[in-house]
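Subject: Structure handover and findings

Hello,

The structure we discussed is below, with the sequence. My notes follow it, and please read them with the coordinates open.

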Amino acid sequence: MNNYNPLVALAIFFLIVGLLYVIFRPVKGWFWLLKKSIKSNEKVIIEDILKQLYHFEDSDNKVDMKTLVQVLDFNHGRIVEAINKMTINDLIYFDSDILKLTENGRDYALRIVRVHRLWERYLADKTGFHKTEWHDRAEMMEHKLSHDDADLLSAKLGNPKFDPHGDPIPTKSGKVAEVTGVELPLLPVGAVGRITHIEDEPDVIYKQILAENIHMGSLIKVIENNSTRIVFRSEGETVKLAPIVAANLTVARIEKEVAIEDNVARLSSLEANETAKIIGISRESRGESRRRLLDLGFVKGATVSIDLVNPLGQPNAYLIKGTSIALRNDQASKILIKKD
Amino acid sequence: MKKNNIDHIIELSNELRWQIGDEFHDNLTEGIYADAADIVKDTVKTSDSEKRFRLDAKIDKIVTSKYFGFPIMFLILGTVLWLTIVGANYPSSLLANLFLDTIHPWLRSGAESINMPWWLSGFLIDGVYLAVGWVIAVMLPPMAIFFPMFTLLEDFGYLPRVAFNLDALFNKSGAHGKQALTMSMGFGCNAAGVVATRIIDSPRERLIAIITNNFSLCNGRWPTQILIATIFIGAVVPESFSSIASLLAVIGIAVLGMAFMFGVSWALSKTVLKGEVSTFNLELPPYRPPRFWKTIYTSLIDRTLIVLWRAIVFAAPAGAVIWLISNLHIGDESIAAWLINGMDGFGFLIGLNGVILLAYIVAIPANEIVIPTILMLTVMVTGIGGGAGAGVMFELDSINATGDILKAGGWTLLTAINLMLFSLLHNPCSTTIYTIYKETNSVKWTTVASIMPVILGFIVCFLVAQIWRLF
Amino acid sequence: METKVNSACETCEHFNKEGLKKLGIQTDNFDFVVALAGNPNTGKSTVFNALTGLRQHTGNWPGKTVMRAEGGFEYNTNKYKLVDLPGTYSLLSTSEDEAAARDFILFGKPDVTIIVVDANRLERNLNLVLQILEITDKAVLCLNLMDEAKRNKVEIDVRTLSKDLGIPVVPASARFNKGIPELIQTVSEIASGQIVCKPHRIKNVPSNIEKAVRTLTAEIEKEFPNIPNSRWIAFRLLEGDKEIIKALKSGEFV
């Protein structure tokens, strides 16, 4: 130990730590980049092209080579290479300049879309990932899951028909359900409906939707609709959207008179000494946590009051059906109430 | 097995599920509660409906109040811990007297009188018996005090209020308020703390509580902390302050453990456990007077004896290993000496030494035997007088004499501080590891829970050693 | 079908004290299996201990009994095995505890299910009771913590409750061993078939769901004519419960 110097030891230590950080740091670490570049092999490129073509055809848009290169995040040469291979394998064909899917190509594309949407459903229902992460994670998964795995996953989820954005999940045999409803801007003032689809592209617009209190399956009532903005009420909040953003929401109109409560508040806003009736649970609460709230007795019509105020602000304890249950504020904010 | 053709039923159920929409579960639960309300309207009369019962509400107002809530909590939990540590001293030394100073010599002379070969009596009596006796003497009294007291609090209904009060802190590190209790339980025994995580019903938060339970300084480690702090930390301040200084040092280590618990919980919830499902709910049950004797009896049977039994099962082979490595020779050195020499370099780098590292390896089954093993190995490699021979663990009644042996083994203040840190930050004992595996049923999480603290320990000790040597 | 309602005072005369023997953990060669279900914090484990003479530890906590505890008792020459299920609020969700309790009542086919409820919080507890009554028709309600209820001035009309639920109701304070003899007597009468229950079925179900459940129930009964809880199975199929699908395929039910 004669030639030992603590400074040198420290320096070596921090060098190693720094190196590990550069290699393994999230997303941009070398390790992940390397992993990604190995994975973006031909299969991934082909599948991504198929998926893009499917989406374009689905929305009746035409694609040529140029647009395709623009939307895909691969280098030009590899895309051309992949396209050539796909034409040979009878997945796509050229109709003059326009790229089109063959019968086989469409089947293949549907399978990828199926895996992607199933996986999003899985992330939404069975995991704790935030909704902003679903899409990217599903994007990675869609190339990994085999056909059989997808069927197993589907059975495990109870063969869902729609993904958490409301997009239909193609069935095993390639059938695709219809999304019911119309774009929100087409609804007149006073109309009541249920949100059946939230378009997650383009990203900029989707982020604006995420920022608002808008959830799949919640009831809305249109209050104002003109060329500058659309205002509607949903779960007790008033939401104002630009028409271009609102167009990304699909709403199924409910014709019969549905009472949409006006003085809706959230349980988190309840003060000590107040009592309230529960109107329902926001659509934002899904899966296991929603079920748990219901099982604990937070059901429509139940009376609720604050039992104990927490010394640190939260969780507060609520008296519900004779028992004191503590909920954190983010949970309480998902329970809709009407104060007495 | 008979196979039924039910595909059409499944098909139909899938079809119907989509017709009735995703409100099925909501509607069904609402329907059941509506039925329940109807029945209750028919059959139950209350004088003061929906109000919670008055005495409960009064107690709750006090124990969760802004001003009294936390002092009451610290007072209660502190008292429990203090009673455990202080109260265990006397019965522990009594048991040690009995097992180690009375029965052990008696067994040895008995073995001699029937001409048992030295290696057999050494292996069985100095190895296996001594380790088991040690673990019982050090482990049983604190657990027999701690668990009944904790269980009484639990049965009374106070503990859910602790979780309620502290949840906001745990929430910030992605954990569950009930982790406050599994952590407190860990101060008694980490294995019991890991079992106690069953009260956390959210999968992610439960895993966090299991993995970080080891940061609660358990009963097996308190005596080590206190001994080393008394010898080394107490000595650097004037004598009148020495006991308070060593006390503060030990509390400091325990608090540092909590800091690590929060930090690691936070890191886990932000990284590897990000995707696990997280649900929170905490029922505050009515207070119920615990049945005193019954609680004491059941907590002794259920918690203390089960944990003790597991510890004995693991300690016995550890005793055997300790004896074997000190008595089997390769060339002219014992295996222990070889291992110590091999690890000395690394030990020095992190401010410890080969003896300590070896002691921690052989003492994975029970933290209780770390100090006796260190003493035995130190005497063996330094060749100074004292001790009871190769492979025979021992401890001294005099703290000064213990300090002398350790100083002869090359210990400095740095060694002492790092030992205290390493005692906090190392792998859980094998009983706990086994319990973690049983509770998580996952090799992956058991490995993480076992390896992560030891790596943290290396890093912390390394940094402390380098910075210490710079000045 | 006749429902015989036994209140506490009726049964205690019949109770044969000499016929009771607590068997602790000896549970071999039993004649009947009895399941013990209930919400957390209802004193379920106290009932378990009172019946078996065991001293299982129970905390004042939800979710305490994760591992299934078993015990036994002997009454009038019949041996009963008692299985303590995890305390849950419901049987409809996917948590481990709930799946364990649900699967035991459904697949373990206990001869009697004792449902322990807190008399002070009957409404909340009925959520679980009504779910269990969809699965099994051999059940008894143990109205526990009657001492607390009395202190809190909660009055319960046991006869009407029993009529509404269609199963015997036994008021008890298991802590003080009150009502336990009556409970044992009732369990033995259900097990031997002397009492035939006609359990309540969930009524307040929205019409579209009720329609779907009916359609599905009819299909299930066509395939499995003797199934007693086809409605519950329909509920579970609509939830997409994989265990149920597996069990239907292998015919584990019938």
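A starting point inside chain C is C:Ile114, which sits in strand E5 (residues 112-118) of that chain. Please keep in mind throughout that this is a predicted model.

C:Ile114 has a relative accessibility of 1%, so it counts as buried, the cut-off being under 20%. Leaving aside residues up to four places away in sequence, C:Ile114 touches ten residues of chain C: C:Val34, C:Ala35, C:Leu36, C:Ala37, C:Leu51, C:Leu82, C:Val140, C:Cys142, C:Leu183 and C:Val187. C:Ala247 lies 133 residues from C:Ile114 along the chain, and the two C-alpha atoms are 24 Å apart.

C:Ala247 belongs to helix H10 (residues 242-250) of chain C, where C:Ile244, C:Ile245, C:Leu248 and C:Ser250 are buried along with it. What do the buried residues of H10(C) pack against? Within chain C they pack against helix H3 (96-107) and helix H9 (230-239), and across the chain boundary against H1 of chain B.

For chain C as a whole, there are ten helices and eight strands. Of its 254 residues, 65% count as buried. Taking contacts between residues at least 6 apart in sequence, 72% of those in chain C join residues at least 24 apart.

Chain B

Chain B has 471 residues, and buried residues make up 56% of them. Its elements are 19 helices and four strands, and its C-alpha trace spans about 85 × 65 × 55 Å along the principal axes. Among contacts in chain B between residues at least 6 apart in sequence, 77% join residues at least 24 apart.

The helix to look at here is H2 (residues 24-43) of chain B. From first C-alpha to last, its 20 residues reach 29 Å, close to the 28 Å expected at 1.5 Å a residue. Is H2(B) largely enclosed or largely open? It is largely enclosed by the rest of the structure, because 15 of its 20 residues are buried.

B:Thr43 is in this helix. With a relative accessible area of 3%, B:Thr43 is buried. Not counting residues up to four places away in sequence, B:Thr43 touches C:Leu122, C:Glu155, C:Ile156, C:Asp157, C:Thr160, C:Leu161 and C:Asp164.

Chain B against chain C

This interface takes 61 residues from chain B and 66 residues from chain C. The buried area is about 5,900 Å², and carbon and sulfur atoms give 60% of it. The rule finds two salt bridges across it. C:Asp118 forms a salt bridge with B:Arg288, with the closest N and O atoms 3.8 Å apart. There are also 13 residue pairs in polar contact, both residues being at pLDDT 80 or more.

On the chain B side, the elements that give two or more residues are helix H1 (7-20), H2, strand E1 (44-46), helix H5 (118-156), helix H6 (159-172), strand E2 (282-284) and helix H12 (292-327). Which of them gives the most? That is H2(B), with 17 residues. By class, the chain B side divides into 28 nonpolar, 15 polar and 18 charged residues.

Chain A against chain C

Here 13 residues of chain A are in contact with 13 residues of chain C. The area buried between the two chains is about 1,200 Å², with 38% from carbon and sulfur atoms. Three residues, A:Arg291, A:Asp295 and A:Lys321, supply 45% of the area that chain A buries against chain C, more than any other three.

The rule finds two salt bridges between chain A and chain C. A:Arg291 forms a salt bridge with C:Glu239, the closest N and O atoms being 2.5 Å apart. The count of residue pairs in polar contact is ten, with both residues at pLDDT 80 or more.

Helix H8 (147-156), helix H11 (287-295) and strand E13 (323-327) of chain A are the elements that give two or more residues to the side touching chain C. H11(A) gives the most, with four residues. By class, this side of chain A has four nonpolar, two polar and seven charged residues.

Regards

Technical notes: Residues are numbered from 1 along each chain as its sequence is written. Chains are lettered from A and ligands numbered from 1 in the order in which they are written. This is a predicted model: local features need pLDDT of at least 70, side-chain atom pairs count only at pLDDT 80 or more; totals for chains, interfaces and linings use all residues. Side-chain values use heavy atoms; hydrogens and water are left out. Contact means heavy atoms within 4.5 Å. Buried area is the accessible area (1.4 Å probe) that two parts lose on being put together, summed over both. A salt bridge is a side-chain nitrogen of Lys or Arg within 4 Å of a carboxyl oxygen of Asp or Glu. A polar contact is a pair of N or O atoms within 3.5 Å; within protein, one must be able to donate a hydrogen and the other to accept it, and residues adjacent in sequence count only if both atoms are side-chain atoms. Ala, Val, Leu, Ile, Met, Phe, Trp, Tyr, Cys and Pro count as nonpolar, Asp, Glu, Lys and Arg as charged, and the others, Gly among them, as polar. The expected span of a helix is 1.5 Å times one less than its number of residues. Buried means under 20% relative accessible area, exposed over 50%, partly exposed in between (1.4 Å probe, protein chains only).
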